[in-house]
Amino acid sequence: MAPIIRIVNLTKKFGDFTAVDHLNLEVEEGEILGILGPNGAGKTTTLLMLTTVIKPTEGTAYIGSYDVTKEPDKARTLVGMAFQEPKLLWVDSPWDILNWHAKVCGLTPDERRKRVRWVLEELELWNDRFKSVHAFSGGMRKRVEIAKILIQRPKIAIVDEPTAQVDVVGKHRIWNMLRDLRYEGSTILLATNELYEADALSDRVAIMHKGKLLVCDEPKKLKDSIPGGDVVEITLEKDASDKVLEELKEIPRVANVLAIKQNHLKIYLNQAEEVLPKITEFFMRMNVQVRSIRMSEPSLDDVFAHYTGLTIEEAQRE
Amino acid sequence: MTSLRKVWVVAERDIKMFLRYKFLLIMRAIWFVSQIALFGLIVNHMFQTDVQAAVGGSYFNYYAAGIIIAMLYSTTVFIGYDIYEEADHGVVEYLLSVPVSRKELVLGRSVGGGLRSFLYVGPMMLFILYLIGISNPLQLLVALLSLFLFAFGVAGFSITLAVSIKSSDRFDILMGVIDALIVRLSTTLYPIAYMPPYYKGVALINPLTFAADFFRWGAGLESAASVPPILAAFGIVAFSSIFTFLGIVLHERRLEGGGWR
């Protein structure tokens, strides 16, 4: 079956700055594809090109069979987007915003009435439906933004950091609603910098950094692909010198060492149960006291770190 | 959904949005009342009989018909300010992402921008017509239809300028200057006969002159109109067509490329 989204060499430059750099990616119908990356990775710019809000500098993307550069009007009929920053005027009320959105998306008056009410109730906005969004908290505004997509139920739903600023209960509710949207037939493109969100929701995850696609696969396969399938996090009583780090890498079956801080190390290794005693012995020999040891499964952050040498948090700060 | 329906849905949004700016609506109404009840009446007393004769018998009637056009113009250009407000809140991106074509979007905004000010100015217009008196209802209906077309053109004009100038401050200053020139170099406030010759040329191709004279013709003040009604109607159609076209082209070029950022 042909992919529902096909991105071909998609590039966007703002002056000398390349926001998206020759991106190639395919999305299958009915899947949830997470696009993971720190702020500035090019996720939002990619999504804006797919929704035809901005034009690519080079390359193109096909939404269904429509080329976004040649048939943007037709491409837009298949796509709906919930933006990262809620797009609301201060004088608007959720009721007005969502009713107009439903209307412009072609819902009949009956569908509109039912769906707007259902979504407002599900997102706990029903009682505040006539209030100006000016008085809303960031989380409430975000819920109004996500409500648009839930009302529209587009063929391709594009959601940009859907749960940023939303509390934990709200996050789970939105995740469940996005899953329901997929079961009803939508393909979902989810841009996020939250590792857990990408892991929990996505069938596949595309990791972007500095406008480029680093890798795209199922979360499990991505995690399994890291050399050194086990992760050991060690906190030391004092900072480890560069010499210590270098020697640590020389221990057999240690694949990589990432210094989150100089006294907080993440060690990627194989057969942890055999290597761990050697590591503790090594630190004792080097006269560096170990404060704590924690073993964990590799996360998408580890995948990101494997490809960039940085955690997402560090990349965010860059 | 048909294309026409989409245009209407976009227009409807702008109309509803306008009604929420209560402060603006009240202030504009006060401005109108002061123009008629203070300026119009006082200046009318200043003019001699020969001046009154040159404007069809009553300067007050001439002025009242003109000021309603100035009011329609200044209310309609507000759509440009809406675009800046929307750009500030990211709503431009949202509007570019909804399933309507760019043409439908700009046409809808022009129709909405024109219709909302037409509806707002409508009661004041009726009041003016009551003061002037209506001699030919059919003639008036034609004039009102073309005034809607004029408002539609002004909305296109305002959208064109708003998407061409990225700074809202510059837009505000420019609109102030244009307002001063376009109103004063037209027949909204005074007849062309009293203008120096070098101003007459500009006044005769000014869309506000077309609109004011066509409205006067519709209201039965034919003798006060400087431009023949056919020419005025043609001028209004040309003005609306040019700025609707420019609005569509520039909206796509300036906004879609990410140009509002």
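The paragraphs below go through a predicted model of two chains, A and B, beginning with the overall build of each chain and ending with one residue of chain A.

Chain A has 12 helices and 14 strands. It is divided into domain 1, residues 5-223, and domain 2, residues 227-297. The centres of domain 1 of chain A and domain 2 of chain A, taken over C-alpha atoms, are separated by 40 Å. Along the principal axes, the C-alpha atoms of chain A fill a box of roughly 75 × 45 × 40 Å. Chain A has 318 residues, and 46% of them count as buried. Of the contacts in chain A between residues at least 6 apart in sequence, 69% join residues at least 24 apart.

Chain B is built from 12 helices and zero strands. Read from the N terminus, its elements therefore run as α throughout, from the first α to the last, in the order α-α-α-α-α-α-α-α-α-α-α-α. The box filled by the C-alpha atoms of chain B is roughly 60 × 35 × 35 Å along the principal axes. A compact globule of 261 residues would have a radius of gyration near 18 Å, and the 19 Å of chain B agrees with this. In chain B, 48% of the 261 residues count as buried. Contacts in chain B with a separation of 6 or more are made, in 80% of cases, by residues 24 or more positions apart.

The two chains touch. On the side of chain A, 20 residues are in contact with 21 residues of chain B. Helix H2 (72-76) and helix H3 (94-104) of chain A each supply at least two residues of the side of chain A that touches chain B. H3(A) gives the most to this side, with four residues. By residue type, the side of chain A that touches chain B divides into 10 nonpolar, three polar and seven charged residues.

The strands of chain A can be taken in groups. One group is an open sheet of four strands in the order S2-S1-S4-S5 (chain A), with antiparallel pairing. Its edge strands, each pairing on one side only, are strand S2 (17-27) and strand S5 (66-67) of chain A. Within this sheet, strand S1 (residues 5-14) of chain A is joined to S2(A) by seven bridges, and the two run antiparallel. Ile5(A) has Val27(A) as its bridge partner in S2(A).

Another group centres on strand S8 (residues 187-192) of chain A. This strand pairs with strand S3 (residues 32-36) of chain A through five bridges, and the two strands run parallel. In this pairing, Leu36(A) stands opposite Thr192(A) in S8(A). Five bridges also join strand S7 (residues 156-160) of chain A to S8(A), and these strands run parallel as well. Here Ile156(A) stands opposite Thr187(A) in S8(A). Between S7(A) and S8(A) the chain passes through helix H6 (residues 168-183) of chain A, and this β-α-β crossover is right-handed.

S8(A) is also mostly covered, with six of its six residues buried. In a regular strand, side chains alternate between the two faces of the sheet. For S8(A), one side carries Thr187(A), Leu189(A) and Ala191(A), the other carries Ile188(A), Leu190(A) and Thr192(A), and all of these are buried. Both faces of S8(A) are thus covered.

A further pairing involves strand S12 (residues 254-261) and strand S13 (residues 264-269) of chain A, which run antiparallel and are joined by six bridges. S12(A) and S13(A) form a hairpin with two residues between them. The bridge partner of Val254(A) in S13(A) is Leu269(A).

The last stop is Leu33(A), which is found in strand S3 of chain A. Leu33(A) counts as buried because it has 22 C-beta neighbours inside 10 Å, and the cut-off for a buried residue is 20 or more. Not counting residues up to four places away in sequence, Leu33(A) touches Val27(A), Leu189(A), Leu190(A), Ser202(A), Asp203(A), Arg204(A) and Ala206(A). Val27(A) was met above as the bridge partner of Ile5(A) in S2(A), while Leu189(A) and Leu190(A) lie on opposite sides of S8(A). Leu33(A) and Cys216(A) are 183 residues apart in sequence, yet their C-alpha atoms are 9.2 Å apart in space.

Conventions. Residues are numbered from 1 along each chain as its sequence is written. Chains are lettered from A and ligands numbered from 1 in the order in which they are written. This is a predicted model: local features need pLDDT of at least 70, side-chain atom pairs count only at pLDDT 80 or more; totals for chains, interfaces and linings use all residues. Domain bounds come from an automatic or database domain assignment. The radius of gyration is taken over C-alpha atoms; the globule rule is 2.2 Å times the number of residues to the power 0.38. A residue is buried if 20 or more other C-beta atoms lie within 10 Å of its own, exposed if 12 or fewer, and partly exposed in between; C-beta atoms are placed from the backbone. Two residues are in contact if their C-beta atoms, placed from the backbone, lie within 7 Å. Ala, Val, Leu, Ile, Met, Phe, Trp, Tyr, Cys and Pro count as nonpolar, Asp, Glu, Lys and Arg as charged, and the others, Gly among them, as polar. Two strands pair if DSSP finds at least two bridges between them. A crossover is right-handed if, with the strands pointing away from the viewer, the path from the first strand over the helix to the second runs clockwise.
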